[in-house]
Amino acid sequence: MNESSGIQEYIRDMASLIERELQQSIPSPWAIPAPLRESMMYSLMAGGKRLRPILVLAAAESLGGSPEAAVPAALAVEMIHTYSLIHDDLPAMDNDDFRRGKPTNHKVYGEAMAILAGDALLTHAFFSVVQSARKHNIPADRVIDIVEELSRLSGAPGMVGGQAADMLGEQGVTRLEELEYIHLHKTSDLIVFSVKAGGRIAGAAEAQLAALERFGTCIGLAFQIQDDVLDLIGDESKLGKPVQSDVKQQKVTYPYFIGIEASIAKVGELTREAKQAILAADFPHPERLLELADYLMKRDH
């Protein structure tokens with residue numbers, strides 16, 4: 001893990017590491033019905049930015065911790081994210097036929113198997129977190145904190161609550177505060193989990209955990225606002241999906257409430273706030289987190 005490499009190379013290297021580990025993440029000796037295993041791996045290995053697991057590793061590095069010891073938590077958050085996408089795509093939810101240019105899970109394996117694959121990835125995430133203690137000797141009290149936080153931030157008061165609010169919001173989001181609630185929980189909460197899990201693996205102090213929470217909250221909200229902006233003015237060839245989809249679906253977004261220019265400015269403001277939280281909390285190696293914040297602000301897909 002070469003600290004002198006550019007951020008794009010770092011992201012590529014870490015994404016490759018995560019994908020290698022994901023390939024081995026469901027133990028081969030386990031007696032799992034073949035279609036279920038295939039369905040789980042189909043979505044788990046379908047690509048994507050791998051942003052959340054990369055943030056786990058970067059947060060651990062920022063405090064001088066072992067990225068290798070953080071891998072189980074990194075895999076866990078990607079499993080949670082993947083299960084949420086499988087379920088989001090179902091006919092009862094967003095009813096999508098394609099995800100990242102490939103047929104969605106239920107289009108390949110059927111609705112019942114897709115639901116079960118999502119269920120299996122959700123529960124396997126907690127098995128993965130525990131391997132931090134089993135394989136890397138991370139103290140049990142830190143692992144308990146990570147499990148508790150994953151339960152909360154991916155559950156009803158976190159990501160699932162955000163998804164529920166998004167679904168209910170289809171009946172009409174009328175205030176920016178309602179939209180922000182959706183973004184903070186549907187998107188930010190898993191990013192908050194990611195950086196705090198990496199911090200806990202590395203033995204972060206309470207003030208550093210608070211800084212990571214602020215960083216994750218700001219970066220998560222900025223990430224979602226940037227998505228809203230890119231849906232209006234992005235390049236379809238880079239995004240890998242049609243632009244203006246939010247407009248066509250009559251979805252209320254940040255630009256709808258405050259305009260494109262103000263939304264772009266908000267992304268910059270949140271990014272600066274995220275970076276300042278890290279800089280003020282005495283991290284020994286904050287460089288990667290700061291670079292990731294800037295990279296996400298400037299991304300075009």
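How do the residues of the lining of the second largest pocket divide into nonpolar, polar and charged? In this predicted model, 9 of these residues are nonpolar, 6 are polar and 3 are charged. The lining comprises 18 residues in total, and the space within the second largest pocket amounts to about 320 Å³. Nearest the centre of the pocket lie Glu21, Pro72, Leu75, Gln131 and Lys135. Two or more lining residues are contributed by each of helix H1 (7-23), helix H4 (67-88) and helix H6 (111-136). Of the elements that contribute to the lining, H6 provides the largest share, with 6 residues.

Backbone geometry was also examined at two residues other than glycine that have positive phi values. Arg100 is placed in the loop that connects strand E1 (98-99) and strand E2 (102-103), and its phi angle is near 55 degrees. The relative accessibility of Arg100 is 36%; because this value falls between the limits of 20% for buried and 50% for exposed residues, Arg100 is classed as partly exposed.

The second residue, Asp282, has a phi angle near 60 degrees and belongs to the loop between helix H14 (260-279) and helix H15 (287-298). Asp282 has a relative accessible area of 66% and is therefore classed as exposed, a term that applies over 50%. The two positive phi values thus occur in loops, that of Arg100 between two strands and that of Asp282 between two helices.

Notes:
Residues are numbered from 1 along each chain as its sequence is written. This is a predicted model: local features need pLDDT of at least 70, side-chain atom pairs count only at pLDDT 80 or more; totals for chains, interfaces and linings use all residues. Side-chain values use heavy atoms; hydrogens and water are left out. On a 1 Å grid over the protein atoms alone, a cavity is a set of points where a 1.4 Å probe fits but cannot get out, and a pocket is an open set with protein on both sides within 12 Å along at least five of seven lines; lining residues have an atom within 4 Å of a point. Grid points are joined across faces, edges and corners, and a volume is the space filled by probe spheres set on the points. Helices (H or I, at least four residues) and strands (E, at least two) are DSSP runs, numbered from the N terminus. Ala, Val, Leu, Ile, Met, Phe, Trp, Tyr, Cys and Pro count as nonpolar, Asp, Glu, Lys and Arg as charged, and the others, Gly among them, as polar. Buried means under 20% relative accessible area, exposed over 50%, partly exposed in between (1.4 Å probe, protein chains only).
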